[in-house]
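User: Please take a close look at the enclosed and open spaces of this model, and at the residues and elements that surround them.

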Number of protein chains: 2
Amino acid sequence: MIDKLDAIDIKILKELQHNSKLTTKELAEAVHLSASPTFERQKRLEREGYIKKYVAVVDPDMVGNGMIVLCNIRLKQHGKEYAQEFVDAMKGMEEVTECYNTSGDFDFIIKVYVRDMHHYQDFVLNRLGEMKSIGSVHSVFVIGTVKDTHSVPVAQ
Amino acid sequence: MIDKLDAIDIKILKELQHNSKLTTKELAEAVHLSASPTFERQKRLEREGYIKKYVAVVDPDMVGNGMIVLCNIRLKQHGKEYAQEFVDAMKGMEEVTECYNTSGDFDFIIKVYVRDMHHYQDFVLNRLGEMKSIGSVHSVFVIGTVKDTHSVPVAQ
DNA sequence: AGTGAAACAAATTCTCT
DNA sequence: AGAGAATTTGTTTCACT
């Protein structure tokens with residue numbers, strides 16, 4: 001947990017969330033330590049699960065999926081089967097990158113990346129529309145991305 | 001753009017979005033090519049902006065910020081000054097990891113990572129509450145994360 | 001826990017096809 | 001464009017503090 005981390009561990013997490021291609025030497029300089037303890041700390045953070053994985057961040061516009069829709073979904077009923085059908089379907093759809101069970105008027109909110117409005121229409125009609133678990137869909141369109149850090153805050 | 005990518009480029013993007021720690025040799029095996037052309041393709045994808053950066057994915061629970069709130073915000077007025085104050089403030093807040101300008105009843109939706117409800121209360125009252133640009137705030141709490149890939153779909 | 005050197009592996013470049 | 005060898009650079013381990 002967080003209280004097992006000292007200031008240097010926190011700095012390492014912040015640096016690597018920003019740029020995981022830093023060499024051990026560069027990271028060591030950033031945290032004012034030599035390479036081997038820095039390396040050992042990074043491995044410990046991986047081993048203990050603070051760092052889940054390392055990924056490349058791909059530009060959605062460049063790969064032709066620059067349109068983002070936040071889609072609020074209400075299930076038809078709140079039985080286990082309906083929820084399971086929905087959850088399994090979301091996990092299998094590539095264009096759905098995030099899916100949260102939420103409080104409020106809707107049951108779920110999903111983030112969908114598509115090429116354009118035509119593809120979104122196809123997604124809603126032919127993919128969501130085919131599911132018996134879904135009661136209603138309310139689409140919120142992203143007009144512009146103001147901020148999208150790929151970092152989680154790390155408490156000090 | 002996407003039409004400049006062949007099937008191998010797309011495979012490389014998919015693999016690296018899943019795990020950027022693959023060695024050139026491992027990536028080469030995955031795409032059935034030898035190391036040097038694979039390496040050259042990866043560099044090209046970086047150079048041309050398909051890959052924006054490489055990051056470590058940190059577990060929010062492990063670092064004590066496991067609570068997610070999706071916060072819908074309406075500005076008081078739609079003048080440029082108000083929007084600018086809001087946007088600049090969002091960029092400066094670590095707990096706000098995403099901020100989108102949206103269609104619909106609200107102007108923006110932000111994703112906030114906090115420790116617990118007390119911290120969220122503090123965030124709304126003392127951080128958002130201090131801003132003259134904000135008209136109203138509607139909080140949607142994340143009960144559970146069903147899916148959170150750190151990947152964008154790459155069209156085939 | 002940290003340092004610095006040594007051993008090892010991977011990234012990067014180059015030449016040839 | 002891609003393959004394979006050669007070189008450079010980074011990772012990982014180890015002996016010492």
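Analyst: What follows goes from the cavity to the pockets, and then to a buried lysine, a buried glutamate and a helix. The model is a predicted one, and each value below is computed from it.

Searching the whole structure for cavities of 30 Å³ or more gives 1, and the space in the largest cavity comes to about 130 Å³. Its lining is made up of 13 residues, of which A:Leu70, A:Glu98, B:Leu70, B:Glu98 and B:Lys111 are the closest to the centre. Both chains take part, since β3 and β4 of chain A and β3 and β4 of chain B each give two or more residues to this lining. By class, the cavity lining holds 9 nonpolar and 4 charged residues, with no polar ones.

The largest pocket, with about 850 Å³ of space, is lined by 46 residues, and those closest to its centre are A:Glu98, B:Glu98, B:Lys111, B:Asp148 and B:His150. At least two lining residues come from each of β1 (51-58), β3, β4 and β5 of chain A, and likewise from each of β1 (51-58), β3 (96-102), β4 (108-114) and β5 (134-148) of chain B. The lining of this pocket divides into 18 nonpolar, 16 polar and 12 charged residues.

The second largest pocket has a volume of about 400 Å³, and among the 20 residues that line it, A:Asn72, A:Phe106, A:His138, B:Asn72 and B:Phe106 are the closest to the centre. Two or more lining residues are given by each of β2 and β5 of chain A and β2 (67-75) and β5 of chain B. Here the classes are 8 nonpolar, 10 polar and 2 charged.

B:Lys111, named above for the cavity and for the largest pocket, belongs to strand β4 of chain B. This lysine counts as buried because its relative accessibility of 5% is under the 20% cut-off. Apart from neighbours within four places in sequence, B:Lys111 is in contact with A:Glu98 and A:Tyr100 from chain A, and with B:Ile68, B:Val69, B:Leu70, B:Glu95, B:Val96, B:Thr97 and B:Glu98 from chain B.

A:Glu95, in turn, sits in the loop between α4 and β3 of chain A, and with a relative accessible area of 17% this glutamate is also buried. Leaving out residues up to four places away in sequence, A:Glu95 touches A:Lys111, A:Val112, A:Tyr113, A:Phe123, A:Arg127 and, from chain B, B:Pro153.

One of these partners, A:Phe123, leads to helix α5 (residues 117-128) of chain A, where A:Tyr120, A:Phe123 and A:Leu128 are buried. These three lie on the same side of α5(A), because they cover an arc of only 50° around the axis. The cover over the buried residues of α5(A) includes β2 (67-75), α4 (80-92), β3 (96-102), β4 (108-114) and β5 (134-148) of chain A. On the face turned away from that buried side, α5(A) carries the exposed residues A:His118 and A:Leu125. Where α5(A) starts, the backbone nitrogen of A:His118 has a side-chain oxygen of A:Asp116 within 3.1 Å.

Methods:
Residues numbered from 1 in each chain as written. Chains lettered and ligands numbered in written order. Predicted model: local features only at pLDDT ≥ 70, side-chain atom pairs only at ≥ 80, totals over all residues. Heavy atoms only, no water. Buried < 20%, exposed > 50% of the residue type's maximum accessible area, 1.4 Å probe, protein only. Helix = DSSP H or I, 4+ residues; strand = E, 2+ residues; numbered from the N terminus. Arc of directions from axis to C-beta. Contact = heavy atoms within 4.5 Å. Polar contact = N/O pair within 3.5 Å; in protein donor to acceptor, adjacent residues only side chain to side chain. 1 Å grid on protein atoms, 1.4 Å probe; cavity = no way out; pocket = protein on both sides within 12 Å on 5 of 7 lines; lining within 4 Å. Points joined across faces, edges and corners; volume = space filled by probe spheres on them. Nonpolar A, V, L, I, M, F, W, Y, C, P; charged D, E, K, R; others polar.
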